[in-house]
Amino acid sequence: MVFRGVFHNFARSQVRRALRDTRRRTVAVECAFCGCKEAWDLYSAFCLRSFYGFHDDGEPVVRAYVCENGHVAGAWTERPLYS
């Protein structure tokens, strides 16, 4: 399942502040909504809860990314994306 949306008031959110203050690295993921070439991986930044689980290879079941403008895109996978 694929999902996308807009993080309301992302510029003023505690999530953005945490991402910036801890200097989380961005990944080269192009935003589906705007021209941003990089986004934060919300799982790697500990913004997604781990109770969603993991696949046998350690890949998280839910992956989500948010760009600088607050656009969110992600996927819920039943099988690992990589083998």
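Which residue in β5 does Phe3 stand opposite? The exercises below lead from this pairing to the whole chain.

The structure is a predicted model, in which local features need pLDDT of at least 70 and side-chain atom pairs count only at pLDDT 80 or more, while totals for chains, interfaces and linings use all residues. Residues are numbered from 1 along each chain as its sequence is written, and side-chain values use heavy atoms, with hydrogens and water left out.

**Exercise 1. Determine the partner of Phe3 and describe the pairing of its strands.**

Step 1. The residue opposite Phe3 is Gly74 in β5.

Step 2. Strands are DSSP runs of E with at least two residues, helices are runs of H or I with at least four residues, and both are numbered from the N terminus. Two strands pair if DSSP finds at least two bridges between them.

Step 3. Between β1 and β5 (residues 71-76) there are 5 bridges, in the antiparallel sense. Val6 has His71 as its bridge partner in β5.

**Exercise 2. Set out the elements of the chain and the order of the strands in the sheet.**

Step 1. The chain contains 1 helix and 5 strands. Read from the N terminus, their succession is β-α-β-β-β-β.

Step 2. The 5 strands form an open sheet with antiparallel pairing, in the order β1-β5-β4-β3-β2. Because β1 (2-6) and β2 (26-27) each have a single partner strand, they stand at the edges, and one side of each lacks a neighbour in the sheet.

Step 3. β4 (residues 62-67) runs antiparallel to β5 and is joined to it by 5 bridges. Tyr65, for example, has Ala73 in β5 as its bridge partner. The two strands β4 and β5 form a hairpin with 3 residues between them, and Gly70 in the turn has a positive phi of about 90°.

**Exercise 3. Describe the surroundings of His71.**

Step 1. His71 lies in strand β5.

Step 2. A residue is buried under 20% relative accessible area, exposed over 50% and partly exposed in between (1.4 Å probe, protein chains only). His71, at 17%, is buried.

Step 3. A contact means heavy atoms within 4.5 Å. Leaving aside residues up to four places away in sequence, His71 touches Gly5, Val6, Cys31, Phe33, Cys34, Tyr65 and Val66.

**Exercise 4. Explain the number of disulfides with the help of Cys31 and Cys34.**

Step 1. A disulfide is a covalent bond between the sulfur atoms of two cysteines. The rule applied here asks for a pair of cysteine sulfur atoms within 2.5 Å, and the count is 0 disulfides.

Step 2. For Cys31, the closest cysteine sulfur is that of Cys34, at 3.6 Å, which is too far for a bond. For Cys34, the closest is in Cys36, at 3.6 Å, again too far for a bond.

Step 3. Cys31 is buried at 13% relative accessibility, whereas Cys34 is partly exposed at 22%.

**Exercise 5. Locate Asn9 and Arg23 and state their phi values.**

Step 1. Asn9 is in the loop between β1 and α1 (14-21). Although Asn9 is not a glycine, its phi is positive, about 55°, and the residue is partly exposed at 40%.

Step 2. Arg23 belongs to the loop between α1 and β2. Its phi is also positive, near 55°, in a residue other than glycine, and Arg23 is exposed at 73%.

**Exercise 6. State the share of buried residues in the chain.**

Of the 83 residues in the chain, 31% are buried.
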